[in-house]
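Work through the exercises below with the sequence and the model open beside you, and try each task before reading its solution.

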Amino acid sequence: MPSLLSLESITVRGRTQPRLDGVSLQLEPGERVALLGPSGAGKSTLIAVANGLLAPDHGQVRWQGEPRARSRRARRRQQARIGTLWQDLRLIEELTVQQNLNAARLAAWGWPRALLNLLLPLDTPACAEVLQRLDLDPALLNQPVSALSGGQRQRVALARLLRQEPLLLLADEPLASLDPRLAADLLTLLLELAGPPRGLLLSLHRPDLLTGFDRVVGLRDGRLVFDQPCASLDPGQLEALYAGAEP
Amino acid sequence: MRPAAPLWVLLPALVLLPVLALLPGISHGGGWELVGQFAAAALQPSPDPLVLRSVLGGLGVTAGIALLGWAGSLVLGLGLGIASSRVVWRTCTGSAAPAGWIRRLLALPRSLHELLWGLLLLQLVGLQPEVAVVAIAIPFGALVARVVSDLLDTLPTASLEALRSGGAPAPAALLTALGPPLLPQVISYSGYRLECALRSATLLGVFGLGGLGTELRLTLQSLAFRELWTGLWLLLLLMLLLEALLGWLRRRWAMPARLGLRQRSVGRQARELVAAGLALLPLLAVVAWQLEVEPAALLQWQGLPPLGPSDWGAVAALPWPGLIANTVLLTVLAAALAVGLAPLLLLVVAPWPIGGALVRGLWALGRLWPPPLTALLLLFVLQPGVLTGALALGFHNLGILGRLLLEATETTGAHQQQALLAAGGGPRLALLYGRFSGLARPYLAYGAYRADVILRESVVVGLVGATGLGSQLLEALSSFAGDQLLALVLAYALLTLLGEDLSDRARLWLLETPHGDGHPQEAGGAWR
C-alpha cells in the first residue's frame, strides 16, 4: 500500500533563508503524526505544502504514490481528499451551519448543486450525521454560524472536515488559542477521527500533548531535526529543539 | 426558502435575460463596420502633434475644471455639513431643529445632476470657464454636506459630553471631540470625490462646457476614431494615475477604505496631511489663473432669450406617466446591469490571471468613457430608446462598481477562500462562497446608493432620445420652453428625492448586520 503523503526533499524559499530546506516526510494510512518546533520553524509552511496551497520550489510531493496532478481538475480531486482544520476555523459567518458543512463538498459538486445549496437545505441526513458524531444537536443545522458559541464553532469546523471525507487530516496549531479543557477535548476528537485508513498530521506548540500520537517530527529553521516514534523521544531532544527560542 | 448571501450578489445579473432577449429587436446592424473601425483605432491612436497638442490642452482644461469644482465643493460641503449637523446645533444652541431645516433646503441642489446645473447656468451667464466649475461645486457640495453631517451625527458623543460637562466651550469641545474621528473619513471621501469630479468634468465637456469632452464628442461624431483614441488613452492615463495616487495616499495615511467594514484608527502622518493641504492652495490659484476663472462673471447675467408665453396646458399635456416610468425603468435596468455584471465577470475570469487584467481594463474604460458617448457609439448598431440608454449608463457604472468590488474582494474573506481552495473547491466557487458571502451586504448597499446616482444621471443619456424625463428636459432646454423646463426640473427633483429616500431605506436594511463587526454608520456614509 502506498504512503498517503510523501514529501521528498521539499525546499521553499523565503526572503532571507529557506522556509523549508530539504524536508522529507512520509505519512502512512492510519498514522498520527505530531509536528513540533519553535515559531518560525516552518510548521505552517509544511502544512501549506501538504494541502497544496503552496507549491515547493524544489522537491516532490506525492499523494498516494502519485505525483501532484498537472491538470487543474485532477489536482482538485487530490486536494478534496486532504482536509485542513484551520486555527481560525475559517467558517463562513454569513451562511448556515448546513451550508458551511456542504461547502466541504464543493470539489465534488458542480455549479448547479453549489448554487442550490445557497437556496435550499441539501443533504440534510448526511449533515445531521456528522453533527451527531461530534455531539452537536442537528437542530443547529439551520442556525447561522455567527450565532454559535466558541465551542460549537470548533466542533462545526470539525464536522465540516468530516463532511469533506478526507483521507488525510491536517491541522495547523489547532489548539493554540483554546483554553486547556477545550484543547484537550479537541485533541481527543481529532485523534479519534484520525483512525485508519485516515492519517493525521498536526502541528503543536506544546510538547506535553503528545499522548496518542504514533510519531513525532521536529522542525527547526526549516530543517527536519528528528522523525521518530513518540515513545523514543527523550527530553534532551526537546530541549535542543526549542533551545534559545520562544516555545 | 431564503437565498443566502452569495446568491444576493448574483441575483441582479438575472436582468441579463430580458436584456439579451430584447437586444436583437432593437439592433439595426447598420454600423458594425464603424464599431469595428472604432475598436481597431484603439491600437493606432493618432500621433499627429497637432492632435496631441489640442488633446493635451483639452485634458488640462478638464483637469483644471475638476480640481476647482472639487475644491469649491469641499469648502461648500464642509461649511454646510457642519451647519446641517444636529449634534453641532444641539451643542451650540440646545436645539437641533435648524439642522433639519438646512438639510431639507440642501436636498434641492443635491437632487439635480451637475449636467443640469451646467446647462441651466449656461443659459443664465453664457459660456464661461466658471460655469462648469460651479456646476460641479453646487451638487457635489450639497452631497459632501450631507455626508459630513451624517458622519458627524453618527459619531459617538461620549467624549463630547465629557468635555462639555468639564466646562469646555461648545466650539472647542466639538473640535476636540469630533474633529479627530471625522477627519480621516472626510479626507478619504474627498479623495473619492476628486475622481468623481474628473469624470463629471469630462462629461460636462461632452455637452460643450469646455475641456476634452467636447473634442471627444466631435471626433466621435465625425468618425475620426484615431484622434478620439488619442484623447481617450491620455484621459485613461490621467485617471489611472489619479486613482493610484489617491489609493496610495489612502493607504499611507491609513484612511478608511470605501467598502471597508472595519473602522480604522485616526490617520497617521499629520504633517504630511497638512503639507498636502497647503500645497493644494497655490496649485488651485495657478489653475484658476490659467483657466481665466473670474467668479465675478457669474453675477453678470446675460439677457435671457425671449421666452414664449407660458402655456401650462401644454405642460400638463406632457405624457408624464410615460416619462416617469421610462426614467425609472432606465434606472433600474442600468443599476441591475452594473450591480449584477461586476461579480459575474469576476467569477467568470476567476481562474485566469490574464482575465482579471482584462476585466480591470474594461472597467477602467467604463469609468472613463462618458455615458452619452457610449450611447452615441451604441447608436451605430442599436436604435435609440430606454435599453440603449440603460446599456450606456450601466457600462459606466459597472466600471465604478467593479473597481470597488475588486478592492473589497482584496481585503475580505481571503482566509475563507483559501480554505475552500485547499479543499479542492475550485477558484470560482471558492470566490463565490469564500469572498462574496461577507461582501454581499455592503456591496448591495453600495449598489442601492449607486442606483440613486444613476437616477440622477439618467438625464445625461437623454441626448440619445432615451425617452425619459431626461430627453424631454434637454428638449425643453434647447427650445427655450421655460414653463416646461421648470415643471420638468421640479419633477426630476421630486423623483430623485424619492429615489434617495428609497435607496437610504434599502441601505439601512442591508446594513443591519446580524453579527458583530459591521459599522453601519461608516459603511453608510463614507463611500458615497
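**Exercise 1.** Find which residue stands opposite R220(A) in strand 10 of chain A, and place the two strands in their sheet.

*Solution.* The partner of R220(A) is R223(A). In this predicted model, local features need pLDDT of at least 70 and side-chain atom pairs count only at pLDDT 80 or more, while totals for chains, interfaces and linings use all residues. Residues are numbered from 1 along each chain as its sequence is written, and chains are lettered from A and ligands numbered from 1 in the order in which they are written.

Next, strand 9 (residues 215-220) and strand 10 of chain A run antiparallel and are joined by six bridges; strands pair if DSSP finds at least two bridges between them, and strands are DSSP runs (E, at least two residues), as helices are (H or I, at least four), numbered from the N terminus.

Finally, the open, mixed sheet of chain A has six strands in the order 6-7-8-3-9-10, with strand 6 (82-85) and strand 10 (223-229) of chain A as its edges.

**Exercise 2.** Determine how helix 15 and helix 20 of chain B pack.

*Solution.* Helix 15 (residues 320-349) and helix 20 (residues 427-457) of chain B pack at about 160°, with axes 10 Å apart, where axes are lines fitted to C-alpha atoms, for helices over the stretch in contact, and angles run from 0 to 180 degrees between N-to-C directions. Helix 15 of chain B is therefore roughly antiparallel to helix 20 of chain B (an angle over 145 degrees).

Definitions and conventions:
Angles under 35 degrees count as roughly parallel, over 145 as roughly antiparallel, 65 to 115 as roughly perpendicular and the rest as oblique.
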